[in-house]
Amino acid sequence: MTDTAALVSHWRRQRGMFQAELASAAGTGQAAISRIESGRDVPTLPVLERIATTMGCSLAITFTTDP
């Protein structure tokens, strides 16, 4: 599971939403949310922004160097 997958899943559950509810509100399909949460698919930035906005979250991208 990727960080993105874990975060989307965590915040969706924290908000008490089903995948289908998040998908509908974010303008995508339930299968897409399932693939994102399982780490099988990486969402585009516009989709990730809609998902974050739907859940009342902010989207921040950080680049770091490996130790």
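Helix H1 (3-14), helix H3 (30-38) and helix H4 (45-54) are among the elements that cover the buried residues of helix H2 in this predicted model. The buried positions of H2, which spans residues 19-26, are Gln19, Leu22, Ala23 and Ala26. Viewed along the axis of H2, these residues fall within an arc of 100°, so they line one face of the helix. An α-helix has 3.6 residues a turn, so residues three or four places apart point the same way. Ser24 and Ala25, on the other side of H2, are exposed. Just beyond the end of H2, Gly27 adopts a positive phi of about 75°.

**Packing of H2 against H3 and H4**

The geometry of H2 with two of its covering helices is set out below.

| Helix pair | Crossing angle | Axis separation | Handedness |
|---|---|---|---|
| H2 and H3 | roughly 110° | within 8 Å | right-handed |
| H2 and H4 | about 115° | 9 Å | right-handed |

For H2 and H3, the axes come within 8 Å and cross at roughly 110°. With that angle, H2 is roughly perpendicular to H3. On the H2 side, this contact is made by Gln19, Ala20, Leu22 and Ala23, and on the H3 side by Gln30, Ile33, Ser34 and Glu37.

H2 and H4 pack at an angle of about 115°, their axes lying 9 Å apart. H2 is therefore roughly perpendicular to H4. Here H2 contributes Leu22, Ala25 and Ala26, while H4 contributes Arg50, Ile51 and Thr54. Leu22 thus belongs to the contact with H3 and also to the contact with H4. Ala25, listed among the residues in contact with H4, is nevertheless exposed.

**The surroundings of Ala23**

Ala23 is located in helix H2. Its relative accessibility is 1%, and Ala23 therefore counts as buried, the cut-off for that class being under 20%. When residues up to four places away in sequence are not counted, Ala23 touches Thr28, Gly29, Gln30 and Ile33. Gln30 and Ile33 are also among the H3 residues that make the contact with H2. Ala23 and Arg50 are separated by 27 residues in sequence, and their C-alpha atoms are 9.6 Å apart in space.

**Salt bridges**

A search of the whole structure finds two salt bridges. In one of them, the side chains of Arg12 and Glu37 meet with an N to O distance of 2.6 Å. Arg12 belongs to helix H1 and Glu37 to helix H3, so this pair ties together parts that are 25 residues apart in sequence. Arg12 and Glu37 are both buried. Glu37 is, in addition, one of the H3 residues in the contact with H2.

The other salt bridge joins Asp41 and Arg35, whose closest N and O atoms are 3.7 Å apart. Asp41 has a relative accessible area of 32% and is partly exposed. Arg35 likewise counts as partly exposed, at 32% relative accessibility. The Arg12 and Glu37 pair is thus formed by buried residues, whereas Asp41 and Arg35 are each partly exposed.

Conventions. Residues are numbered from 1 along each chain as its sequence is written. This is a predicted model: local features need pLDDT of at least 70, side-chain atom pairs count only at pLDDT 80 or more; totals for chains, interfaces and linings use all residues. Side-chain values use heavy atoms; hydrogens and water are left out. Buried means under 20% relative accessible area, exposed over 50%, partly exposed in between (1.4 Å probe, protein chains only). Helices (H or I, at least four residues) and strands (E, at least two) are DSSP runs, numbered from the N terminus. The arc is that of the directions from the helix axis to the C-beta atoms. Contact means heavy atoms within 4.5 Å. A salt bridge is a side-chain nitrogen of Lys or Arg within 4 Å of a carboxyl oxygen of Asp or Glu. Axes are lines fitted to C-alpha atoms, for helices over the stretch in contact, and angles run from 0 to 180 degrees between N-to-C directions. Angles under 35 degrees count as roughly parallel, over 145 as roughly antiparallel, 65 to 115 as roughly perpendicular and the rest as oblique. A crossing is left-handed if the near helix is turned anticlockwise from the far one by less than a right angle, and right-handed if clockwise.
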